[in-house]
Structure formats: structure tokens, C-alpha cells
Amino acid sequence: MSKVRTRFAPSPTGFMHIGNLRTCLYAYLFAKKNNGEFVLRIEDTDQERYVEGAVDVIYSTLKKAGIQHDEGPDKDGGYGPYIQSERKSLYLEYAKELVDKGGAYYCFCDKERLESLKDDKGIAKYDKHCLSLSKEEVQKRLADGEPYVIRQNIPAEGVSEYDDMVFGHISVPNEDMEDGILIKSDGMPTYNFANVVDDHLMAINYVIRGVEYLSSTPKYNLMYDGFGWQRPHYMHLSPIMKDAQRKLSKRYGDANFEDFLEKGYLPKAIVNYIALLGWSPKGNEEKLSMDELVEQFDVDGISKSPSIFDEAKMRWLNGEYIKQMTPEEFVEVAKPYFEKSKVAGKYDYFALAKLLIPRVEVLGEIPEKVDFLEEFGEYDTTMFEHKKMKITKEIALNNLKAIKEDLKDFEDWTDEALKEKLSGLAEKLACKSGQVFLPLRLALTGVASTPGGATEMAELLGKEESMRRLDFSIELLAKNM
RNA sequence: GGCUCCAUGGUCAAGCGGUCAAGACAUCGCCCUUUCACGGCGGUAACUCGGGUUCGAUUCCCGAUGGAGUCACCA
């Protein structure tokens with residue numbers, strides 16, 4: 001049996017759509033799982049859509065995602081060139097070969113005639129008008145320099161069938177397939193044709209791609225047959241949806257890999273999540289590394305129906321990856337977000353990291369979680385009322401005053417020491433410890449949710465700032481009874 | 001509209017003739033707790049509908065309904 005070879009063939013559009021990345025991932029996983037090769041090919045035949053630097057985006061995305069191609073424009077494996085625009089000259093020759101073999105024919109029909117074929121819905125099927133042209137007439141018109149295209153010659157009757165690895169048996173009536181254009185009037189191949197030729201020339205034997213090609217695959221097979229080439233195996237993948245009706249697409253925003261990175265998702269988490277969208281492992285473990293994905297990947301687990309992208313679950317998974325990090329690792333990836341926040345350069349990022357690691361799911365939450373350290377002013381005092389702790393504004397105010405008195409001359413301003421000191425105070429006041437810690441935490445921060453307890457916040461702020469905020473809060477609370 | 005394909009909780013999904021129909025996210029409740037979290041425990045929640053086949057259908061077949069894809073000198 002020949003070696004498994006899969007490919008990922010993106011167009012350089014300047015961004016990597018999540019759906020494409022998943023297709024890429026599956027092609028990679030399948031190849032690696034079977035000790036095969038994974039090839040990167042750039043499909044840039046559509047010059048109108050060409051975007052500067054877009055190829056670099058593809059390289060960097062694959063690299064960040066942890067997907068390594070065995071062959072590609074930057075890694076010659078003997079099947080190059082790997083950029084479609086550099087293969088231009090190939091296609092016309094192959095198209096002519098297919099014409100000779102009867103699988104295709106020249107067509108001279110102009111736009112007007114084609115237009116006249118359309119029905120009231122604007123849907124047309126080419127009527128094989130030029131198929132009946134004699135060899136001599138074709139030669140003559142070609143010699144006259146008449147514009148032409150080359151069309152695939154699809155049998156008028158019968159049924160074309162194949163077996164898809166995920167969808168099973170697919171059969172399409174030949175009469176429903178149009179004689180599509182293989183070579184455009186400018187001499188360039190259409191995607192469909194270039195794809196078949198490239199895949200064959202690159203010895204791709206497992207074609208993994210989106211379902212949009214499921215029903216046109218018989219046409220591709222007819223080309224393989226026409227050339228006398230061996231048909232590849234096919235694995236079609238259902239789309240990732242934004243909701244039940246809409247496909248996830250760049251048109252609706254934030255569906256690109258880069259967008260998620262910016263929001264503070266870790267590449268590993270994104271890859272892990274999208275691997276699970278449309279495929280499920282045999283076991284129940286969902287947090288899987290790339291190595292584990294390769295090991296567990298199996299066509300059996302691929303689902304046929306479209307799946308809806310659920311960012312909430314990806315957030316959770318991202319949080320799981322963050323919780324595993326050491327403070328050092330966290331600071332490294334979180335640094336840009338610290339720099340964006342108000343605490344930039346003013347606090348020990350490592351100290352903050354320890355508090356933040358269990359509390360952050362996406363790095364983008366960092367600024368909102370730490371900004372209170374630098375931003376302190378009037379806030380809503382109803383926060384002091386807490387039924388479960390049995391705290392009223394009166395109790396809070398009383399206890400805050402007591403705390404101020406107790407801490408006035410206290411110098412050991414560390415989390416541990418303060419905790420002990422204040423526990424003692426709670427005992428003296430004969431109240432629950434929460435009744436002193438909760439008001440203090442609020443008094444020091446002015447926000448309902450903080451990345452740690454009262455004494456941790458106090459240590460972070462330092463004695464001077466803590467006492468200043470305590471004074472401010474006592475006054476504010478007294479004013480708002 | 002023609003053709004192709006799909007159909008289990010809100011979401012991702014396991015299941016491949018006999019199960020109290022897994023698990024995860026989300027959600028709700030309880031516990032832990034120095035707030036917020038983390039963590040632990042538990043709850044709510046699903047086989048689209050109608051016909052068959054079968055001793056027995058979520059599972060197999062047919063139909064309906066719903067959804068996706070496709071029908072370009074775009075990829």
C-alpha cells in the first residue's frame with residue numbers, strides 16, 4: 001500500500017478561518033495517525049483576491065497551531081512547485097490530453113448564448129452544444145484565434161458513484177452535472193481542474209475537504225477516470241456553524257484564528273476545541289494535546305451533521321490550559337494584557353499571576369480584573385449589604401472603623417500576618433470573620449469581584465494606599481447610610 | 001426549485017436491535033470558603049413526526065418535516 005498523503009490547500013486571503021483550520025487539522029491528524037505525509041499547497045489562482053503577505057499568515061498560523069507540514073513552498077519534497085500560480089503552464093497541456101482522451105472538449109459559445117440557456121431562476125445547464133463540432137471545425141476555429149474554453153465531457157446518462165470515508169456511499173445522476181469549464185478563456189485552469197491535476201501530480205491519495213465538494217466529487221472522479229489515473233479516497237467534513245442557520249464566516253466577524261488569539265485564547269486550546277467540533281474521541285477525556293489527538297484521531301468519530309461553534313466551551317477549555325500554567329508561563333503569555341491595563345509596569349506581574357491563574361479563562365479578561373488597583377473612587381455602597389454573611393451597612397461601617405483602629409499601628413503588612421491579626425479582631429468583636437474580611441475587601445477595592453481575598457488585596461496595595469482607601473470608604477459609607 | 005447529504009438535551013456529542021439513553025460545556029442548587037474564583041457533590045434537560053420490519057426500535061426501511069451543501073470563465 002502506498003504511503004498516505006494528505007494536503008491542505010488554502011487560498012492566501014490574509015486570515016485563517018476557523019473552519020479552514022479545522023479542515024487543515026484533520027488532514028494533518030489523519031496523515032500523522034497513518035504515518036503519512038502532510039502537504040501544504042497554496043492556491044492563488046484567483047489573482048483578484050490576492051493579498052500581500054497572506055502566505056506568511058498561513059505559515060505563522062500553522063506554526064502557532066502546532067501543525068507541521070512535511071512539504072510545501074518552503075519545504076520541497078520533490079512534488080513542487082507548491083504554489084499554484086507557479087504551475088500555470090501545466091494545466092493546459094493536461095486539459096488537451098483529456099480532450100484527446102474524450103473526457104473534455106473545446107467550447108466556443110459566447111456569453112450571450114450561455115445567458116440564453118438560463119431558466120427563469122437564472123439557473124443554466126450547458127447543453128453540450130460544442131461537443132458536436134467536428135475535429136476539423138474545431139481546428140479551424142482554433143487556428144482563427146477564436147476565444148474558447150475547455151469543458152469537461154460528462155456522460156449524459158447513467159449514475160456516478162463513490163464511497164466517502166465519512167458520508168458513505170454517494171451517488172449522483174450524471175444528467176444533473178454540468179459540463180463545467182476546465183480551462184477558462186484566458187487559458188487559466190478553474191479551481192476544479194487545477195485541483196485534480198495538482199492532487200494527482202502530488203500523489204495525494206486522501207483528499208480531505210469541506211462538504212461543499214461532496215456532490216461535485218463525481219465530476220472529479222470522472223476526470224481521474226478520463227486520464228486513467230487512480231482515484232483518491234475522500235473525506236468530506238461538515239461545516240462549522242455560527243447558529244442553526246448561519247455558517248460561521250468572516251462576514252459575521254471573529255471567526256478567524258487571529259481574532260481568537262487577540263482575545264486571549266491559547267493556540268493549544270483553540271486547536272483542542274476545534275478538533276472536538278465535529279469529531280469525538282473514543283474516551284471521555286476532552287483536554288487533548290496534539291500528540292494525543294494524533295494518537296486518537298479516527299474517521300469513525302467524525303460526525304456528519306454541521307456543528308455549532310460554542311465559544312463558552314472554548315473559554316472553559318482555555319481556562320483549563322491556563323490553570324495548568326506556572327506563574328512564569330502565565331506572565332509570558334499575559335504580558336501584553338498587563339501592559340494594556342492600568343497596572344502596566346506598576347505591580348509585580350508574578351504576584352498578580354498567582355492570583356489570576358485560577359480566575360482567568362481568557363487572557364483578555366486581565367485588564368478588567370486588575371484595573372481597580374490603579375483606579376479607585378466613588379462606588380456603589382449597597383455592595384456592603386450581604387444577606388448570607390449577615391452584613392448590613394451599619395455592621396460594615398462599624399467593623400471598618402474597628403479595623404482602621406486595629407491596623408493603625410500594625411506594620412507587618414503581609415497576607416499571612418494581616419489574616420491572623422484580623423481573625424483576632426473578629427474574635428474580639430464577637431462576629432463572623434467574614435464580617436470583617438468582606439467589608440475590608442470591598443473598602444479596599446470598590447469592586448464586587450476581585451482576584452483574591454481582603455488581605456491579599458491589602459498586601460498588594462501596601463499599607464499607605466490601603467489606609468487611604470479605608471479612610472475614603474468609611475467616609476463614603478457614612479455618607480450613604 | 002432540481003440534485004446530494006444530514007437529524008439524540010440550549011451547545012458539543014456517545015450510542016451502531018434489548019442501556020435507568022454516557023460524558024463535556026452552559027444552567028440551577030448545595031458544600032468548602034475571607035469576597036470573587038478554584039475545587040467537591042447533586043439537580044433540570046434529548047432520541048423531530050408518521051408509517052412499516054422485528055418478540056423488541058434512538059438504532060434498520062419508507063415518507064413527511066426541518067436543516068446543510070450545490071447548481072459560476074470563484075475558490
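In this predicted model, a polar backbone atom of Pro358 lies 3.0 Å from a sugar or linking oxygen of RNA strand B, and a sugar or linking oxygen of the strand is also found 3.3 Å from a polar side-chain atom of Ser280. A base oxygen of RNA strand B, in turn, is 3.0 Å from a backbone N or O atom of Ala454. Among the elements that give two or more residues to the surface near the strand are helix H6 (191–201), helix H11 (311–323) and helix H18 (454–461), while the greatest contribution, five residues, is made by S6.

In total, RNA strand B is surrounded by 63 residues, of which Lys184, Lys419, Arg441, Gly452 and Gly453 are the closest. Of the atoms of the strand that come within 4 Å of the protein, 68% belong to sugar and phosphate. The surface near the strand comprises 25 nonpolar, 21 polar and 17 charged residues.

Two cavities of 30 Å³ or more are present in the structure. The largest, with a volume of about 50 Å³, is lined by residues that include Leu407, Trp413, Ala458, Ser466 and Met467. Helices H16 (415–429), H17 (434–445) and H19 (463–479) each give two or more residues to this lining, and the largest share, three residues, comes from H19. The lining of the largest cavity consists of nine nonpolar residues and one polar residue, with no charged residues.

The second largest cavity has a volume of about 40 Å³, and its lining includes Arg22, Tyr26, Gly278 and Ile302. By class, the residues lining the second largest cavity are three nonpolar, five polar and one charged.

How values were computed
Residues numbered from 1 in each chain as written. Chains lettered and ligands numbered in written order. Predicted model: local features only at pLDDT ≥ 70, side-chain atom pairs only at ≥ 80, totals over all residues. Heavy atoms only, no water. 1 Å grid on protein atoms, 1.4 Å probe; cavity = no way out; pocket = protein on both sides within 12 Å on 5 of 7 lines; lining within 4 Å. Points joined across faces, edges and corners; volume = space filled by probe spheres on them. Helix = DSSP H or I, 4+ residues; strand = E, 2+ residues; numbered from the N terminus. Nonpolar A, V, L, I, M, F, W, Y, C, P; charged D, E, K, R; others polar. Near = heavy atom within 4 Å. Polar contact = N/O pair within 3.5 Å; in protein donor to acceptor, adjacent residues only side chain to side chain.
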